[in-house]
Amino acid sequence: MIFLESAYVLLHNCITENGYVASPIKHDNYNRVWARDSAIAGLAALCVNDEKGINALIRSTVHLSRHQAD
């Protein structure tokens, strides 16, 4: 169970106002919202019905859609 709790803490530390970032570490591009990372983290949140994580997935999707190219 310690592993599962650590995973929750890590994923929740990656949640920002724009959704999931790749890492909570403020280094280079790791502090940006990426589709792959958001999708994987969001799937985990959906599997365990984590409301905070699901909301982060929604924010990630909205943020990415606002910044995609034509």
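## A tour of three loop residues

Select D50, in the loop between α2 (35-47) and α3 (51-66). Helices here are DSSP runs of H or I with at least four residues, strands are E runs of at least two, and both are numbered from the N terminus. The model is predicted: local features need pLDDT of at least 70, side-chain atom pairs count only at pLDDT 80 or more, and totals for chains, interfaces and linings use all residues. Residues are numbered from 1 along each chain as its sequence is written, and side-chain values use heavy atoms, without hydrogens or water.

**Stay on D50.** D50 is buried (under 20% relative accessible area, with over 50% exposed and partly exposed in between; 1.4 Å probe, protein chains only). What is the nearest side chain of opposite charge? K52, 7.7 Å away. Lys and Arg count as positive, Asp and Glu as negative; His and the chain ends are not counted. D50 has no salt bridge (a side-chain nitrogen of Lys or Arg within 4 Å of a carboxyl oxygen of Asp or Glu).

**Add Y8, H12 and A45.** D50 touches these three, leaving aside residues up to four places away in sequence; contact means heavy atoms within 4.5 Å. Zoom in on H12: its side chain makes a polar contact with the side chain of D50, at 2.7 Å.

**Step back to N49.** N49 lies in the loop between α2 and α3. Its phi is positive, about 55°, although N49 is not a glycine. Most residues other than glycine have a negative phi. N49 is exposed, at 64% relative accessible area.

**Finish at D28.** Look in the loop between β2 (19-20) and α2. D28 is not a glycine, yet has a positive phi of about 45°. With 62% relative accessibility, D28 counts as exposed.

How values were computed: Polar contact = N/O pair within 3.5 Å; in protein donor to acceptor, adjacent residues only side chain to side chain.
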